[in-house]
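Trainee: I'd like to learn how to read charged pairs and domain contacts in a model like this one. Can we go through it together?

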Amino acid sequence: MNNLSSGNIKAMNTMAINAYCDQLIEITSLNQLMALTIPEQPVYILGEGSNTLFVDSKTPTLIRPNIIGVKVSETNTHFHLNVGAGENWHQLVQYTVANNMFGLENLALIPGSVGAAPVQNIGAYGVEFANFCHSVEWFDFETSEQLELPVAQCQFSYRDSIFKQALKGKGVITSVNLSLPKKWQPVLTYAGLNELNDTATAEQVMNKVIDIRNSKLPDPKQLANVGSFFKNPVVTQSVFNKLQAQYPDIPFYSQGEDQIKLAAGWLIDQAGLKGYRQGDAAVHQKQALVLVNFGGATGQDIAALAELVVETVAKKFAVTLEPEVRIVGEHGERLLIKSESQCLNQ
Ligand SMILES: Cc1cc2nc3c(=O)[nH]c(=O)nc-3n(C[C@H](O)[C@H](O)[C@H](O)COP(=O)(O)OP(=O)(O)OC[C@H]3O[C@@H](n4cnc5c(N)ncnc54)[C@H](O)[C@@H]3O)c2cc1C
């Protein structure tokens, strides 16, 4: 039997939004998934809710994949890990480092479940989930079959994957297969980490990442938030040239031919919104990319603030910010601004 319940999901989302769920289906095994009749009404798959903003007082039916377990095998060159979707990502990073399996240390302290990691191809400090992914095991609601998608089929890119696109809502990631090379070198290219030298151990890198993150990002347990609310926008070279002529200090990262990534936090800060507060919804005082809930904000309050941020940045820079966070209403996932139809960035 699936574990069925209902109730308030405030403790199940790191933005601490009060919303009511009529049907919460907890899945702890593949057999349960096979026996599951997918409800007709909208369904949302919820991990630990650290990248989800519930905007209505009710949620759709929620499916929580809580399949746990870590299996490790090795060859001469690699460690191979099969990790259940319900495991916690940071605990996995700690486990690998403690057991001399290196590579994930730059991704320490990213909140959330292992099953959600491929969805937006989590990344931090120069490393992405895709760098260590061998394949993703995914249960197809339509055929009731489990498929193994090799990394090349997952369409990983910056905060994106096939699970956010063509396969969105069509199934559940049940486990991930990671491949960690035994030959290891620290990735120290990012600001803060470059204070370490090349002889740094994976544990030192992990601890440094944890220190930097703790100093920059609010802990959702102290101040509710969902991390970076917006993606860093990518613009064409000609759009960038005009912006740089007007704002010579604008930070940018070249992404190859005709693609320039801008820093969303800088744009929000320059638009005068860092620390801006509307009731209990606010732009964080230190990190403008993070929206926070001081306690009493509803999902609509946060969404209204996010819309204001998008509009203000668009007015000043003619650049459209897109949420990194999944926006979920009573009837399922939706856009932040319902009437959003055009993208200014081209
Ligand atoms: C303080 C803070 C810092 C953060 N820093 C980073 C960072 O540095 N880098 C980064 O990339 N992200 C970061 N995030 C965002 C977040 O941690 C990641 O997106 C994480 O992977 C979300 O995991 P979750 O289980 O909470 O996902 P949820 O919010 O529950 O779900 C996110 C998405 O994944 C889908 N999903 C979840 N589980 C499954 C499954 N088993 N099968 C199919 N779909 C599934 C959901 O439907 C939804 O679309 C941060 C968040 C916070 C609060």
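Trainee: Which residue forms a salt bridge with arginine 159?

Mentor: Look for a side-chain nitrogen of Lys or Arg within 4 Å of a carboxyl oxygen of Asp or Glu; that is a salt bridge. Here arginine 159 pairs with glutamate 324, and the closest N and O atoms are 3.6 Å apart. Arginine 159 sits in the loop between strand 11 (145-150) and strand 12 (171-181), and glutamate 324 in the loop between helix 6 (299-317) and strand 20 (326-329), so the pair ties together parts that are 165 residues apart in sequence. Helices (H or I, at least four residues) and strands (E, at least two) are DSSP runs, numbered from the N terminus.

Mentor: Before we go on, this is a predicted model, where local features need pLDDT of at least 70 and side-chain atom pairs count only at pLDDT 80 or more, while totals for chains, interfaces and linings use all residues. Residues are numbered from 1 along each chain as its sequence is written, and side-chain values use heavy atoms, with hydrogens and water left out.

Trainee: Is arginine 159 buried or exposed?

Mentor: Buried means under 20% relative accessible area, exposed over 50%, and partly exposed in between (1.4 Å probe, protein chains only). Arginine 159 comes out buried at 14%, and glutamate 324 is buried too, at 8%.

Trainee: Which residue meets lysine 168 in a salt bridge?

Mentor: That's glutamate 333, at 3.6 Å from N to O. Glutamate 333 lies in strand 21 (residues 332-333) and lysine 168 in the loop between strand 11 and strand 12, 165 residues apart, so distant parts of the chain are linked here as well. Glutamate 333 is partly exposed at 30%, and lysine 168 is partly exposed at 38%.

Mentor: Now check for shared partners. Glutamate 333 also forms a salt bridge with arginine 326, the closest N and O atoms being 3.0 Å apart. Lys168, Arg326 and Glu333 thus join into one network through salt bridges that share partners. Arginine 326 is buried, at 16%.

Trainee: How many salt bridges does the rule count?

Mentor: The count comes to 9.

Trainee: What does the domain assignment give for the chain?

Mentor: Such bounds come from an automatic or database domain assignment. Here the assignment gives domain 1 (3-65), domain 2 (70-215) and domain 3 (218-333). The centres of domain 1 and domain 2, taken over C-alpha atoms, are 24 Å apart. With contact meaning heavy atoms within 4.5 Å, 11 residues from domain 1 and 16 residues from domain 2 take part.

Trainee: How much area do domain 1 and domain 2 bury between them?

Mentor: Buried area is the accessible area (1.4 Å probe) that two parts lose on being put together, summed over both. For this pair it is about 1,100 Å², with 70% of it on carbon and sulfur atoms. On the domain 1 side, Leu33, Glu48 and Pro65 supply 41% of the area buried against domain 2, more than any other three residues. The rule finds 0 salt bridges across this interface.

Trainee: Where is threonine 52 found?

Mentor: Threonine 52 is in strand 4 (residues 52-54) and is buried at 5%. Leaving aside neighbours within four places in sequence, threonine 52 is in contact with Tyr44, Leu46, Val226, Val325, Arg326 and Val328. Arg326 is the residue that we met in the salt-bridge network.
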